[in-house]
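Got the viewer open? Here is a short tour, one selection at a time.

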Amino acid sequence: MAAKNTVIYCDRCVDEIISRDDLVTTFQFPILVGAYHTRCYGEEAKKGGTARIPLNSPYMTGLIVVASLSCLAGFVFYAPSPIWFFIAAIAPASRFLSWWLVERHITQS
Ligand SMILES: [Zn+2]
């Protein structure tokens, strides 16, 4: 499988990211998922001001849970519209994209 040979490069220093422990993924346009070394993400967050939420973090998992519950509540108490399911799907979808595009290519943890 060719996909196994995909090398993930840091969006900041353009060096290879070897370990999952040293990986921070973010949601960004136009490439959807950006990958950084932990250190490089810190540097970017410092200078950027537009601190992006890391996709592969406990915070993101919490966000998925909160978003799902909020959308379920919206569906039940506010309006029974399918739009809530699309909103609820945004966080898990970006989490999945992070895994599909970046994390699964890095085998070392
Ligand atoms: Zn880097």
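Start at the tail end and select serine 109, which is exposed, with 9 other C-beta atoms within 10 Å. Keep in mind that this is a predicted model. Serine 109 sits in the segment after α3. Now add arginine 20 to the selection: the two are 89 residues apart in sequence, yet 4.6 Å apart in space, C-alpha to C-alpha. Setting aside neighbours within four places in sequence, the contacts of serine 109 are Ser19, Arg20 and Asp21.

Zoom out for a moment and colour by secondary structure. You should find 3 helices and 2 strands, in the order β-β-α-α-α from the N terminus. The C-alpha trace spans about 50 × 40 × 25 Å along its principal axes. Of the 109 residues in the chain, 22% are buried. Among contacts with a separation of 6 or more, 64% join residues 24 or more positions apart.

Next stop, the core. Select Cys10, Ile17, Leu23, Val24, Phe27, Val33, Ala35, Tyr36, Tyr41, Leu55 and Val102: these 11 residues form the largest nonpolar core. Two elements, β1 (23-28) and β2 (32-37), each give two or more residues to this core. While you are here, pick out tyrosine 41. Beyond residues up to four places away in sequence, tyrosine 41 touches Val24, Tyr36 and Pro54.

Move to histidine 37 in strand β2. Is histidine 37 buried or exposed? With 20 other C-beta atoms within 10 Å, histidine 37 counts as buried. Show its contacts outside the four-place sequence neighbourhood and you get Cys10, Cys13, Ile17 and Asp22. For a distance check, try valine 65: that residue is 28 residues along the chain from histidine 37, and their C-alpha atoms are separated by 26 Å.

Now click on valine 14, in the segment before β1. Look at the backbone here: phi is positive, about 65°, although valine 14 is not a glycine. This residue is exposed, with 8 other C-beta atoms within 10 Å.

Then select helix α3, residues 83-101. Its 19 residues reach 26 Å from first C-alpha to last, close to the 27 Å expected at 1.5 Å a residue. Where in α3 does the kink lie? Go to isoleucine 90, where the kink is about 35°, shortly before proline 92. Highlight Trp84, Ala91, Ser94, Arg95 and Ser98 too, as these are buried residues of α3. Their cover includes β1, β2 and α2 (58-78).

Finish with α2 and α3 together. Their axes come within 8 Å and cross at roughly 170°. That angle is over 145°, so the pair counts as roughly antiparallel. To see the contact itself, show Met60, Leu63, Ile64, Ala67, Ser68, Cys71, Gly74 and Phe75 on the α2 side. Facing them from α3 are Trp84, Phe85, Ile87, Ala88, Ala91, Pro92 and Arg95. Leave Trp84, Ala91 and Arg95 highlighted: they belong to this contact set and are also among the buried residues of α3.

Methods:
Residues are numbered from 1 along each chain as its sequence is written. This is a predicted model: local features need pLDDT of at least 70, side-chain atom pairs count only at pLDDT 80 or more; totals for chains, interfaces and linings use all residues. A nonpolar core is a set of buried Ala, Val, Leu, Ile, Met, Phe, Trp, Tyr and Cys residues joined through C-beta atoms within 7 Å. A residue is buried if 20 or more other C-beta atoms lie within 10 Å of its own, exposed if 12 or fewer, and partly exposed in between; C-beta atoms are placed from the backbone. Helices (H or I, at least four residues) and strands (E, at least two) are DSSP runs, numbered from the N terminus. Two residues are in contact if their C-beta atoms, placed from the backbone, lie within 7 Å. The expected span of a helix is 1.5 Å times one less than its number of residues. The bend at a residue is the angle between axes fitted to the seven residues ending there and the seven starting there. Axes are lines fitted to C-alpha atoms, for helices over the stretch in contact, and angles run from 0 to 180 degrees between N-to-C directions. Angles under 35 degrees count as roughly parallel, over 145 as roughly antiparallel, 65 to 115 as roughly perpendicular and the rest as oblique.
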